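Subject: Structure handover

Hello,

Here is the structure for your files. Please look it over before reading the notes below it.

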Amino acid sequence: MTLASEPIRFGAAPQHVLVTGGTGFIGRLLVQALQRDGHRVSVWTRDPAAAAGRFGPGVSCVDALDRLAPCDVVVNLAGARILGWPWTASRRATLLASREGLTQRLVGWMATQPRKPALLLSASAIGYYGVQPQGDDAPRTESAPPQPIFMSQLCQRWEQAALRAADLGVAVVRLRLGVVLGREGALPQMLLPIRLGLGGPLAGGRQWFSWVHVHDVLRAIGHTWTLAHAAGATPVYNVTAPGALRQAEFSRTAARQLGRPSWLPTPGLPLRLALGEQAELLTEGQRVLPQQLLASGFAFRFPDAESALEDLC
């Protein structure tokens, strides 16, 4: 299966859709899928000229919301990269501004519109649930509580900013994404050591890894869009494949697909020294299940790592 082989439906009729984060890995694929489904798409971006060159004349690219025509649906995917730079005070401020701050601006713009969007689909992350120590195998569903750590607090504030749109009469859907696997994004970096024969258990490898194929992310956006007005107030969905697995097992599965070994262990201490608190996202992990998506009738095209990596490798 290729990403473009299956049409994805977004709502019952063509509409004007605003996408934030439209130039990112997920956003670019979403814009293309929306266009294939007949929607008119606008992208809010810091560099309209570069975005217009990427998307072509069929997409309106703006750096100021007041230049937009009225929108029917907003899909909010914007956010600076989480992993990488240490979480200094300055970096934390950047991450908050790119999520909470941008979403506040988006909702503030909605408040000024005579005709407000009917729906806001706002991305969040399973970082909302914090981390699970190795040995804690209990699944986290949408009712699981957050934790008093930065990643969880970031997601909480991000979601709260989006929920303020509900006070304006806008239907709000929150999508808590797992690690999104695709031919761009995090997966190429994750596969690099395996391609080099250096893959193996990370910090023991017993930590849970909750992931989702990017094609299923796009399908989940379309699915929850259709359900939004019948789902009740501000529903939240975990967008993670049901086949969460341990890090060592994911590494072995990827190595089989690539025809490479997967035995070299990587200790957790160097990561903790290099990355500080954010290293816990890699060394502790999370077992997050898509309870509400499955209950709503959503069927994953890539429910397990074997099928996802076969498609992507």
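The notes below cover the nonpolar cores, three helices and one surface patch.

First, a caution: this is a predicted model.

Nonpolar cores. The largest nonpolar core has 41 residues, and within it Ile 26, Leu 30 and Leu 121 touch the most other members. A second core, separate from that one, has 19 residues, among them Val 62, Leu 68, Leu 120 and Leu 163. Leaving out residues up to four places away in sequence, Leu 121 has contacts with Val 73, Val 74, Val 75, Asn 76, Val 173, Leu 175, Ile 221, Thr 224 and Trp 225. Of these contacts, Ile 221, Thr 224 and Trp 225 are also listed among the buried residues of helix H6.

Helix H6. This helix covers residues 214-227, 14 residues in total. From first C-alpha to last it reaches 20 Å, close to the 20 Å expected at 1.5 Å a residue. Twelve of its 14 residues are buried, so H6 is largely enclosed by the rest of the structure. The buried set includes charged-type names such as Asp 216 and Arg 219, along with His 215 and His 223.

Helix H4. Residues 150-163 form H4, also with 14 residues; the expected span at 1.5 Å a residue is 20 Å, and the end C-alpha atoms are 20 Å apart, which agrees. Ten of the 14 residues are buried, so H4 too is largely enclosed by the rest of the structure. Phe 150, Met 151, Ser 152, Leu 154, Cys 155, Trp 158, Glu 159, Ala 161, Ala 162 and Leu 163 are the buried ones. Leu 163 is also a member of the second core.

Helix H11. Ala 305 is found in H11, which runs over residues 305-312. Its relative accessibility is 5%, so Ala 305 counts as buried, the cut-off being under 20%. Not counting residues up to four places away in sequence, Ala 305 touches Trp 211, Leu 245, Phe 250 and Thr 253. Between Ala 305 and Ala 162 there are 31 Å in space, C-alpha to C-alpha, and 143 residues in sequence.

Surface patch. Leu 192, Leu 196 and Leu 198 make a nonpolar surface patch of about 290 Å². Leu 192 belongs to helix H5, residues 187-195. With 47% relative accessibility, Leu 192 counts as partly exposed, because exposed would require over 50%.

Regards

Definitions and conventions. Residues are numbered from 1 along each chain as its sequence is written. This is a predicted model: local features need pLDDT of at least 70, side-chain atom pairs count only at pLDDT 80 or more; totals for chains, interfaces and linings use all residues. Side-chain values use heavy atoms; hydrogens and water are left out. Patches are made of residues with over 30% relative accessible area and no salt bridge: like charges are joined within 9 Å, nonpolar side chains (Val, Leu, Ile, Met, Phe, Trp, Tyr) within 5 Å. Accessible areas come from the Shrake-Rupley method with a 1.4 Å probe; for residues, only the protein chains shown count as cover. A salt bridge is a side-chain nitrogen of Lys or Arg within 4 Å of a carboxyl oxygen of Asp or Glu. Helices (H or I, at least four residues) and strands (E, at least two) are DSSP runs, numbered from the N terminus. Buried means under 20% relative accessible area, exposed over 50%, partly exposed in between (1.4 Å probe, protein chains only). A nonpolar core is a set of buried Ala, Val, Leu, Ile, Met, Phe, Trp, Tyr and Cys residues joined through side-chain atoms within 4.5 Å. Contact means heavy atoms within 4.5 Å. The expected span of a helix is 1.5 Å times one less than its number of residues.
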